[in-house]
Amino acid sequence: MSGRLVVVGELADGRPTRLTTEVATLGRRVAEDLGRPAVGILVGPDAAAAAETLAGFLPEVVAVDVPELVDLAPAPRVAAEVATLVVPEDGPILVGASPDGRDVAGALAVLLDRAVLANAVDVEVGPEGPTTVTPIFGGKSIVRSRFVGRPGIITVRPSSVDAAPAPAAGRIVGRAPAAASGGPTVRRLERVVEASGEIPLEEAPVVVVGGRGVGGPEGFALLQELAALLGGTVGATRAAVDAGWIPYARQIGQTGKVVRPRLYLGLGVSGAIQHKVGMQTAETIVAVNRDPDAPLSEYADLYVVGDLFEVGRALVAELRGRREGGGG
Ligand SMILES: Cc1cc2nc3c(=O)[nH]c(=O)nc-3n(C[C@H](O)[C@H](O)[C@H](O)COP(=O)(O)OP(=O)(O)OC[C@H]3O[C@@H](n4cnc5c(N)ncnc54)[C@H](O)[C@@H]3O)c2cc1C
C-alpha cells in the first residue's frame, strides 16, 4: 500500500491558520501528482471544530483534541501526536514554516527519523518523487532539492501558495490523544494580541508600508489614513521598527512577516534585499521615493519619484474625493 501525504495543521484562536490552508492546498495538489491520498492532522484545543474548516481543503482530516494545549507551546505535543499517526509508508509530511511549525518539523525529524527540507515555496513532482523549490539570497537563486530514500518533512513558506478550497469537503476523523503526556513541555507565560481592529498583515489585500523616510511615529498617521481609505493595513521596514516608530508585529521581510497583498504601496522604503524577500510576491508593487535609484525602482511596477508626504497627501485627497463623489 502506498502511504499518505500528511499535512500538519496549526491552530490559532480555535481555527486553522491561513498558512495551514495554504499548505493544505499545496499538499492536495502534490498528493494528486504523487497518486497518494492526502490527510490533514490538527492537534490542539477544539481541534474537532477547527477540522471542519480544514476539511474544506483536504479529503480527510484527523482531529486530536488536546485541551491542555491552551497554555502550552504546542510544538512538542503536536509532534508527539503526529508521530503516533504517521506510519513508515507515509510521506512527505508538509508543515507550515511558521515559528511553531518549524519547531514541529524539528521535533518530528527526531521522532520519525526523517530528513527535513526547509522553506519551500513549491513542491514539484517528477518520476523520482517530490522536489522542493526554495529561493535563496532574496530570490536571486532557486534551489531544487529531493529526499534520498523515503520522503521526509517539508516546511512551506507563508504566502507562497494561494489557498483554494477543494471541490468537495473531506471527512473528519476524531481521535483521542495517543502520545504520552508529561513529556518535555514549554508553558506560555504571556500572550500579546495585536491591536484589535487591525487586519492581520498577512491577510490584508492592501499593505501600505513605511520606511525610514517616514521620519518618525507621527509620519505613520498619513499611512494609517491611506490604508483605511484603501481597505488595507500598515506595514513597515526594519529600519522603522528598530527606530521604535511602529511595533515589530508590522515588520515585513527576512526577520519579519511575508506578505502577498494585491497591492503593496511603499513610502520612503529603499527596498533592501532583506525587505524584498517579505513582499516581492505582491501582485502589484507601487513605491514613492525621492531617490530615483533606490533598489525598489528595479522591481516596482510603478515607481513614483517624489516626496512621500506630498504624494501621500495628494493620494488621500484623491481617494477621499472619489469616496465622497460615490466613486468607491
Ligand atoms: C540579517 C538582517 C535581517 C534584516 N531583516 C529585515 C527585515 O525583515 N525587514 C526589513 O525591512 N529590513 C531588514 N533588514 C534591514 C535592511 O537591510 C534595510 O536596512 C532596511 O530594509 C532599510 O529600511 P528602509 O528602506 O526603511 O530604510 P533606508 O534603506 O534608509 O531607506 C529609506 C528610503 O526613504 C527614502 N526617503 C527618505 N525621505 C523620503 C521622503 N520624504 N520622501 C520619499 N522618500 C524618502 C530614501 O530615499 C530611502 O530610499 C535586515 C538586515 C539584516 C542584516
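In what order do the five strands of the open sheet stand? Select β14, β13, β15, β16 and β17 in this predicted model. They stand in the order β14-β13-β15-β16-β17, and the pairing is parallel. The edges are strand β14, residues 233-236, and strand β17, residues 302-305, each of which pairs on one side only. From one strand to the next, the twist averages 20 degrees.

Next, keep two strands of this sheet on screen: β15, residues 263-267, and β16, residues 284-289. Five bridges pair them in the parallel sense. To see two facing residues, pick Leu267 and find Val288 of β16 opposite.

Now add helix α5, residues 220-230, which packs on the sheet. The helix touches β13 (206-210), β14 and β15. Its direction makes about 170 degrees with that of β13.

Move to strand β1, residues 5-8. Which way do its side chains point? Leu5 and Val7 point one way, Val6 and Val8 point the other way, and all are buried. In a regular strand the side chains alternate between the two faces of the sheet.

Two partners of β1 can be shown in turn. With strand β4, residues 38-44, β1 pairs in the parallel sense over four bridges; here Val7 stands opposite Gly40. With strand β6, residues 93-96, β1 also runs parallel, joined by three bridges. The bridge partner of Val6 in β6 is Ile93.

Select helix α3, residues 75-85, for the next stop. Its buried residues are Ala75, Arg77, Val78, Ala79, Ala80, Glu81 and Val82. These buried residues pack against β1, β4, β5 (60-65) and α4 (99-112).

Then colour the largest nonpolar core, which has 53 residues. Which of them touch the most other members? They are Val6, Val8, Leu42, Leu54, Leu58, Leu94 and Val104. Helix α1, residues 18-34, gives the most to this core, with seven residues. In soluble globular proteins, nonpolar side chains tend to be buried together.

Stay on Leu42 and show its contacts. Leaving aside neighbours within four places in sequence, Leu42 is in contact with Gly9, Leu11, Pro16, Ala47, Ala50, Ala51, Leu54, Val61 and Ala63. Another core, of 34 residues, lies apart from the largest one and includes Val206, Val209, Met279 and Ala287.

Go next to Ala12, in strand β2, residues 11-12. Why is Ala12 partly exposed? Ala12 is partly exposed because it has 15 other C-beta atoms within 10 Å, while a buried residue has 20 or more and an exposed one 12 or fewer. Select Val161 as well: Ala12 and Val161 are 149 residues apart in sequence and, C-alpha to C-alpha, 19 Å apart in space.

Finish at the ligand, with 27 residues around it. Which of these come nearest? Gly211, Gly213, Arg238, Gly253 and Ser270 do. At least two residues of the shell come from each of α6 (238-242), α7 (273-276) and β16. Helix α6 gives the most, with three residues. Coloured by type, the shell divides into eight nonpolar, 14 polar and five charged residues.

Key: Residues are numbered from 1 along each chain as its sequence is written. This is a predicted model: local features need pLDDT of at least 70, side-chain atom pairs count only at pLDDT 80 or more; totals for chains, interfaces and linings use all residues. Two strands pair if DSSP finds at least two bridges between them. Axes are lines fitted to C-alpha atoms, for helices over the stretch in contact, and angles run from 0 to 180 degrees between N-to-C directions. Two residues are in contact if their C-beta atoms, placed from the backbone, lie within 7 Å. A nonpolar core is a set of buried Ala, Val, Leu, Ile, Met, Phe, Trp, Tyr and Cys residues joined through C-beta atoms within 7 Å. A residue is near a molecule or strand if its C-beta atom, placed from the backbone, lies within 6 Å of it. Ala, Val, Leu, Ile, Met, Phe, Trp, Tyr, Cys and Pro count as nonpolar, Asp, Glu, Lys and Arg as charged, and the others, Gly among them, as polar.
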